[in-house]
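Hi everyone, thanks for coming. I'd like to walk you through a few spots in one structure, so let's put it up on the screen.

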Amino acid sequence: HLSGWAWKRLAAVDSAANFTVEFDVPESGVARIGTYRNLLAIDPAYEGFVSAKGTSASIDAPAFETTGVRRLGLNIISFSRALNINYETDGWTEDIDSGANNSRVVFLSKRIATAGTEAAHSVVVTSDDWHAGSLALLPR
C-alpha cells in the first residue's frame, strides 16, 4: 500500500487545477483532493505535520503541535481496503471518504481553539496497511 502527500496554493485566477498522480509500481490506487479556503498567504499554510504508518488492527492518527489559536486540524488517512470505519470521535468530523476495493482515503477535520498538542487517536479496523497524516491549517 503506497501513500503520498502533496499540496498546492491556487492563484486567484485559477478556475480549475489539473493534478497528475503517478506511481512507479504496478498497483492500483486512489487519489483525493481536498480544497480549503481562507488560509494565510504563507508557504506552507499549515503547521505541525506528522505522519505515521503501520499494519496493525488500529489506525493511529499521530499527535501534532499547534503554535496558535483558530486552527483547523486535519487528518488524512489512507488504507488498502474498503473498510467501514467510524472515525468521528473526540470532535473529529468526516469530511471526505472515497475509494473502494484496493484503496480508500478519508479526510477528517476538527476546529482547534487553543495552541498546544492535539492528542493522537485511533480507530480499530481489520488488520491492514494504513498511512495517516495530521496537521493544522492556518486560517487568515
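Let me start with a question: which residues does Arg71 touch, not counting residues up to four places away in sequence? Have a look around that side chain for a moment. Okay, here's the list: Glu47, Thr66, Lys110, Arg111, Ile112, Ala136, Leu137, Leu138 and Pro139. Before I go on, please keep in mind that this is a predicted model.

So where does Arg71 sit? Arg71 is found in strand 4, and that strand covers residues 71-79. Is Arg71 buried or exposed? It's buried, because its relative accessibility is 15% and the cut-off for buried is under 20%.

Now look at one of those partners, Glu47. The side chains of Arg71 and Glu47 are joined by a polar contact of 2.9 Å, and the pair also counts as a salt bridge, with that distance taken from N to O. If salt bridges are new to you, the basic idea is that side chains of opposite charge can pair when their charged atoms come close. Glu47 lies in strand 1, residues 46-54, and Arg71 in strand 4, so this pair ties together parts that are 24 residues apart in sequence. Glu47 counts as buried too, because its relative accessibility is 13%. Arg71 has another polar partner: a polar atom of its side chain lies 2.9 Å from the backbone oxygen of Val69.

How many salt bridges does the structure hold? There are 2. We've just seen the one between Glu47 and Arg71. Glu118 forms a salt bridge as well, with Lys110, and there the closest N and O atoms are 2.8 Å apart. Both Glu118 and Lys110 are buried.

Let's move one place along from Glu118 and look at Thr117, which lies in strand 7, residues 116-118. Is Thr117 buried or exposed? Thr117 counts as exposed, because its relative accessibility is 53% and exposed means over 50%. Leaving out residues up to four places away in sequence, Thr117 touches Ala63, Phe64 and Glu65. Take Glu65: it is 52 residues from Thr117 along the chain, yet their C-alpha atoms are separated by 4.5 Å. The side chains of Thr117 and Glu65 are also joined by a polar contact, at 2.4 Å.

Next, a quick stop at Ser109, in strand 6, which runs over residues 104-112. Ser109 counts as buried, because its relative accessibility is 11%. Its contacts, leaving aside neighbours within four places in sequence, are Leu72, Gly73, Gly91, Trp92, Thr93 and Asp95.

Last topic: empty space. Rolling a probe the size of a water molecule over the atoms shows where empty space is left. The second largest pocket has a volume of about 160 Å³. Which residues line the second largest pocket? Arg71 is back again, together with Tyr36, Arg37, Leu39, Arg70, Leu72, Arg111, Ile112, Ala113, Leu137 and Pro139. Strand 4 and strand 6 each supply at least two residues of that lining. By type, the lining divides into 7 nonpolar residues, 4 charged and no polar.

So if you go back to the picture later, try starting from Arg71: it is in a salt bridge with Glu47, and it is among the residues lining the second largest pocket. That's it from me, thanks for listening!

Notes:
Residues numbered from 1 in each chain as written. Predicted model: local features only at pLDDT ≥ 70, side-chain atom pairs only at ≥ 80, totals over all residues. Heavy atoms only, no water. Helix = DSSP H or I, 4+ residues; strand = E, 2+ residues; numbered from the N terminus. Buried < 20%, exposed > 50% of the residue type's maximum accessible area, 1.4 Å probe, protein only. Contact = heavy atoms within 4.5 Å. Polar contact = N/O pair within 3.5 Å; in protein donor to acceptor, adjacent residues only side chain to side chain. Salt bridge = Lys/Arg side-chain N within 4 Å of Asp/Glu carboxyl O. 1 Å grid on protein atoms, 1.4 Å probe; cavity = no way out; pocket = protein on both sides within 12 Å on 5 of 7 lines; lining within 4 Å. Points joined across faces, edges and corners; volume = space filled by probe spheres on them. Nonpolar A, V, L, I, M, F, W, Y, C, P; charged D, E, K, R; others polar.
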